[in-house]
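Thank you all for making the time this morning. I would like to walk you through a structure that is new to most of us, taking the overall form before the individual residues.

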Amino acid sequence: SNMPTGLPPNISDLLTTAHDKIDDIILYFQIPSSSELTVAVQHAWGDSVRAFQSNGQLIFITFRPLVIFITLILNYLAIIGQIVLRHTLYHLWVLVKQFSIQTAYVAKQA
């Protein structure tokens, strides 16, 4: 017995009311139009790219002296390593020669 009675509401009145309410919502929340939104996104993207480039330059400038210092130290360590290796191989060669001479001498004595 609580069923609605009468004619269905006028659809065009409902659509007009909804459209007015949507306009009110857009005005209340200050929602930008699609063209304004596109321009804002383009500006935001450009700002983001410039900020990223600026951060990259800052990181490069900050760490460049450290990279140069580490490169110099590694270069000097490589030079020292070559010298030590050369002398080690030379002394190893002398040791092998002396060992073979002494082994030959002992073999002759026996």
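I will begin with the whole chain, then turn to its surface, its charges and a few single residues.

Please keep in mind throughout that what you see is a predicted model. The secondary structure is quickly told, since the protein has two helices and zero strands, and helix α2 covers residues 34-109.

How does the radius of gyration of the protein stand beside that of a compact globule of 110 residues, and what is its value? The globule would come to a value near 13 Å, whereas the protein has 43 Å. Along the principal axes, the C-alpha trace spans about 135 × 45 × 20 Å, and for a concrete pair you may look at S100 and I61, which are 39 residues apart in sequence and 59 Å apart in space, going from C-alpha to C-alpha.

With that outline in mind, we can ask what share of the residues is buried. Buried residues account for 1% of the 110 in the protein, where buried means under 20% relative accessible area. The protein exposes about 10700 Å², and 70% of this area is supplied by carbon and sulfur atoms.

Part of that surface deserves a closer look, because a nonpolar patch is found there, made up of I59, F63, L66, V67, F69, I70, I73, L74, L77, I80 and V84. Taken together, these residues have about 1000 Å² of accessible area. One of them, I73, sits in helix α2, and I73 is described as partly exposed because its relative accessible area is 36%, which falls between the 20% and 50% limits. S100, from the pair I mentioned, also lies in helix α2, and S100 is likewise partly exposed, with a relative accessible area of 41%.

Turning to charge, the protein carries 6 positive and 6 negative side chains, and the centres of the two sets lie 61 Å apart. How many salt bridges are counted? The count comes to one, and this salt bridge joins the side chains of R50 and D47, at 2.6 Å from N to O. Both R50 and D47 belong to helix α2, where they are three residues apart, or about one turn of the helix. As for D47, its relative accessible area is 44%, so this residue is partly exposed.

That is where I will stop, and I am glad to go back to any part of the picture.

Methods. Residues are numbered from 1 along each chain as its sequence is written. This is a predicted model: local features need pLDDT of at least 70, side-chain atom pairs count only at pLDDT 80 or more; totals for chains, interfaces and linings use all residues. Side-chain values use heavy atoms; hydrogens and water are left out. Patches are made of residues with over 30% relative accessible area and no salt bridge: like charges are joined within 9 Å, nonpolar side chains (Val, Leu, Ile, Met, Phe, Trp, Tyr) within 5 Å. Accessible areas come from the Shrake-Rupley method with a 1.4 Å probe; for residues, only the protein chains shown count as cover. A salt bridge is a side-chain nitrogen of Lys or Arg within 4 Å of a carboxyl oxygen of Asp or Glu. Helices (H or I, at least four residues) and strands (E, at least two) are DSSP runs, numbered from the N terminus. Buried means under 20% relative accessible area, exposed over 50%, partly exposed in between (1.4 Å probe, protein chains only). The radius of gyration is taken over C-alpha atoms; the globule rule is 2.2 Å times the number of residues to the power 0.38. Lys and Arg count as positive and Asp and Glu as negative; His and the chain ends are not counted. The place of a charge is taken as NZ of Lys, CZ of Arg, CG of Asp or CD of Glu.
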